[in-house]
Amino acid sequence: MKKEKRLVICSYGLEPKHITLETLAALKKCGAVFSHSLEGGAGDFIAQSCAKFENLRGLAAPMITARLKEAFAEHDTVGFLTYGNPYFLNATTALIKAGMTAARVSVSVLPAVSSFDSIVNLLDLNKFSLAGLRLVDTAASMNDMRFTPDTDTLFFVAGDLKSKGNDKYRASFLKGLAAAYPGAHPVTIVNCPCIGNVSGRLIKTTVSKFGGVFAKVDNVSTILVPAVSVNKQV
């Protein structure tokens, strides 16, 4: 009977020290482990716990998927190690999972520390507006960006507004923000502590001044705009 082929998609969190015992145990059972985000240095102990580790840094999702498929010629269980929550706003893992499913490979996705977890702690977000907390994929929403002043809002992947060809979307975002919120309303740019920036970064500003500091938003920045209402859950 042909043995099932299985891909384990997992993560070391935001830093290698965040890796869970569950993930380490799963990696040890893999014939080979691949990663597009981990190489040497702080992650050596993870690579050393695997039977075989290969760095795929810099490769696009289709090439990563092709390499993983090749690995199943030798191994029944293969691991793919990424960062953050392995499936939250991660286009690479979504494409890999789709490719594996089409190839009749079983896929399991393990939980991990995410940027959202870190943001909650950094900003003391233990209470939210009465209307709740809204999470926005900025990259996917640029064509129809909506602002909801009654909810606390986190704009993820905010750096895409600075990508080439997105000038009009960036201008529209700033204009929409200014129209929806008072000028003195707080805005925070959040860069979570991670493998590339262990200290992290918080930039606190206001809606009226946000345009002047928007240049500091980068590819791993998230923007928090709290609800206008001061009423919070008790």
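Colleague: How many bridges pair strand 2 and strand 4, and in which sense?

Modeller: Strand 2 and strand 4 pair over 4 bridges, in the parallel sense. Bear in mind that this is a predicted model.

Colleague: Noted. Which residue is the bridge partner of Phe34 in strand 4?

Modeller: Phe80 is the partner of Phe34 in strand 4. In strand 3, Phe34 has Glu54 as its bridge partner.

Colleague: And how many bridges pair strand 2 and strand 3?

Modeller: 3 bridges, again in the parallel sense. Strand 2 covers residues 32–35.

Colleague: What about strand 1 and strand 4, how many bridges there?

Modeller: Those two run parallel and are joined by 6 bridges. Within strand 4, Gly79 stands opposite Val8.

Colleague: Give me the whole sheet. What is the strand order?

Modeller: The order is 3-2-4-1-5, in an open sheet of 5 strands with parallel pairing. Strand 3 (53–55) and strand 5 (106–109) stand at the edges. Each has a single partner strand, so one side of each is left without a neighbour in the sheet.

Colleague: What does the twist average from one strand to the next?

Modeller: The twist averages 20°.

Colleague: Which strands does helix 1 touch as it packs on the sheet?

Modeller: Helix 1, residues 21–28, touches strand 1 (6–11), strand 2 and strand 4 (77–82). The direction of helix 1 makes about 145° with that of strand 1.

Colleague: And helix 4, what does that one touch?

Modeller: Helix 4, residues 91–102, also packs on the sheet. Helix 4 touches strand 1, strand 4 and strand 5. The direction of helix 4 makes about 170° with that of strand 1.

Colleague: Back to strand 4. How many of its residues are buried?

Modeller: 6 of its 6 residues, with strand 4 described as mostly covered. Thr77, Gly79 and Leu81 are buried on one side. Val78, Phe80 and Thr82 are buried on the other, so both faces of strand 4 are covered.

Colleague: Now the inside of helix 1. Which residues are buried?

Modeller: Thr23, Leu24, Ala26 and Leu27 are the buried ones in helix 1. They lie on the same side of helix 1, because they cover an arc of only 160° around the axis.

Colleague: What covers them?

Modeller: The cover over the buried residues of helix 1 includes strand 1, strand 2, helix 2 (44–48) and strand 4.

Colleague: Which exposed residues sit on the face turned away from the buried side of helix 1?

Modeller: Leu21 and Lys28.

Colleague: On to helix 3. Which residues are buried there?

Modeller: Helix 3 spans residues 61–71, and its buried residues are Ala61, Ile64, Thr65, Arg67, Leu68 and Ala71. Seen down the axis of helix 3, they fall within an arc of 165°, so they line one face of the helix.

Colleague: What do the buried residues of helix 3 pack against?

Modeller: They pack against strand 1, strand 2, strand 3, strand 4 and helix 4.

Colleague: Stay with helix 3 and helix 4. At what angle do the axes cross?

Modeller: Roughly 40°, and the axes come within 9 Å. That angle makes helix 3 oblique to helix 4. The crossing is right-handed.

Colleague: Which residues make the contact?

Modeller: From helix 3, Ala61, Ile64, Thr65, Leu68 and Lys69. From helix 4, Thr92, Leu95, Ile96, Gly99 and Met100. Among the helix 3 residues, Ala61, Ile64, Thr65 and Leu68 are also buried.

Definitions and conventions: Residues numbered from 1 in each chain as written. Predicted model: local features only at pLDDT ≥ 70, side-chain atom pairs only at ≥ 80, totals over all residues. Heavy atoms only, no water. Pairing = 2+ DSSP bridges. Axes fitted to C-alpha atoms, helices over the stretch in contact; angles between N-to-C directions. Contact = heavy atoms within 4.5 Å. Buried < 20%, exposed > 50% of the residue type's maximum accessible area, 1.4 Å probe, protein only. Arc of directions from axis to C-beta. Parallel < 35°, antiparallel > 145°, perpendicular 65-115°, else oblique. Left-handed = near helix turned anticlockwise from the far one by under 90°.
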